[in-house]
Amino acid sequence: MSDAQLVIVDAANVVGSVPDGWWRDRRGAAERLRDRLAAEGVPGRDGPVEIVLVVEGAARGVSSVPGVRVESAPGSGDDHMVELVAGAGERPVLVVTADRELRRRVGELGAEVAGPRTVRP
């Protein structure tokens with residue numbers, strides 16, 4: 001999918017954007033987000049997209065499903081997402097997060113940024 005837009009989703013930040021009890025089951029919350037992304041994609045995006053959901057901490061180990069590749073960050077999720085953006089080459093990249101510092105870091109690398117509501121109502 002090298003011609004597809006790369007969409008990197010900050011699982012912890014998106015899940016944490018809605019106070020629905022996610023803190024009681026971080027892994028389950030990440031799995032629900034993964035499943036929603038697999039079913040609905042990224043609203044408003046035309047053309048093919050490759051969705052990468054980056055998980056960390058208690059959500060590590062969530063498996064990939066068709067349509068969503070899940071990557072468990074070995075350390076900082078933010079650092080892992082910056083590495084993914086840096087390695088994307090000329091592909092267009094969208095990073096979904098509300099984290100200001102992460103938005104700044106990936107923006108400096110040329111990524112577009114959008115808030116959690118992009119993928120979570």
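## A glycine to start from

Let's begin just past helix H2, where glycine 41 follows the helix with a positive phi, near 70 degrees. This is a predicted model, and glycine 41 is a handy doorway into it. The helix that comes before, H2, covers residues 26–40. Its 15 residues reach 21 Å from the first C-alpha to the last, close to the 21 Å expected at 1.5 Å a residue.

Which residues of H2 are buried? They are Gly28, Ala29, Ala30, Leu33, Arg34 and Leu37. The cover over these buried residues includes three strands, E1 (5–10), E2 (49–55) and E3 (68–72), along with helix H1 (11–15).

## The overall plan

Stepping back, the protein has four helices and five strands. Read from the N terminus, its elements follow the order β-α-α-β-β-α-β-α-β. Along the principal axes, the C-alpha atoms fill a box of roughly 40 × 30 × 25 Å.

How does the radius of gyration fit a compact globule of 121 residues? Such a globule would have a value near 14 Å, and the protein has 13 Å, which agrees. Buried residues make up 45% of the 121. Among contacts with a separation of 6 or more, 59% join residues 24 or more positions apart.

## The nonpolar cores

The largest nonpolar core holds 23 residues, and the members touching the most others are Val7, Val9, Leu33, Leu37, Ile51 and Leu53. Two or more residues of this core come from each of E1, H1, H2, E2, E3 and strand E4 (93–96). Apart from it lies another core, of 15 residues, which includes Val52, Leu84, Ala88 and Val95.

Valine 9 gives a good view of how the chain comes together. Setting aside neighbours within four places in sequence, what does valine 9 contact? Its partners are Val14, Leu33, Leu37, Ile51, Val52, Leu53, Val54, Met81, Val96 and Val119. Two of these partners, Leu33 and Leu37, are also among the buried residues of H2.

## The loop before H2

Aspartate 20 sits in the loop between H1 and H2. Is aspartate 20 buried or partly exposed? It counts as partly exposed, because its relative accessibility is 41%. A polar atom of the aspartate 20 side chain lies 3.2 Å from the backbone nitrogen of tryptophan 22. For a sense of distance across the model, aspartate 20 and glycine 75 are 55 residues apart in sequence and 26 Å apart in space, C-alpha to C-alpha.

The protein's count of aromatic pairs comes to one. That pair joins tryptophan 22 and tryptophan 23 edge-to-face, with 5.6 Å centre to centre and 80 degrees between the planes. Tryptophan 22 counts as buried because its relative accessible area is 18%, while tryptophan 23, at 42%, is partly exposed.

## Glutamate 71 in strand E3

Now to strand E3, the place of glutamate 71. Is this residue buried or exposed? Glutamate 71 is buried, because its relative accessibility of 18% falls under the 20% cut-off. Its side chain makes a polar contact of 2.9 Å with the side chain of arginine 69.

Beyond neighbours within four places in sequence, glutamate 71 is in contact with Val52, Leu53, Val54, Val55, His80 and Leu84. Among these partners, Val52 and Leu84 also belong to the core of 15 residues.

## Helix H4 and its ends

Our last stop is helix H4, which spans residues 100–108 and contains leucine 102. At the start of H4, a side-chain oxygen of aspartate 99 comes to within 3.1 Å of the backbone nitrogen of glutamate 101. After the helix comes glycine 110, whose phi is positive, near 95 degrees.

Leucine 102 itself is buried, with a relative accessible area of 0%. Which residues does it contact, once neighbours within four places in sequence are left aside? They are Asp10, Asp78, Met81, Val82, Val95 and Thr97. Leucine 102 and aspartate 79 lie 23 residues apart in sequence and 8.5 Å apart in space, C-alpha to C-alpha.

Terms used:
Residues numbered from 1 in each chain as written. Heavy atoms only, no water. Expected span 1.5 Å × (residues − 1). Buried < 20%, exposed > 50% of the residue type's maximum accessible area, 1.4 Å probe, protein only. Contact = heavy atoms within 4.5 Å. Polar contact = N/O pair within 3.5 Å; in protein donor to acceptor, adjacent residues only side chain to side chain. Phe/Tyr/Trp six-rings, centres within 6.5 Å; stacked < 30°, edge-to-face > 60°. Core = buried A, V, L, I, M, F, W, Y, C linked by side-chain atoms within 4.5 Å. Rg over C-alpha atoms; globule rule 2.2 N^0.38 Å.
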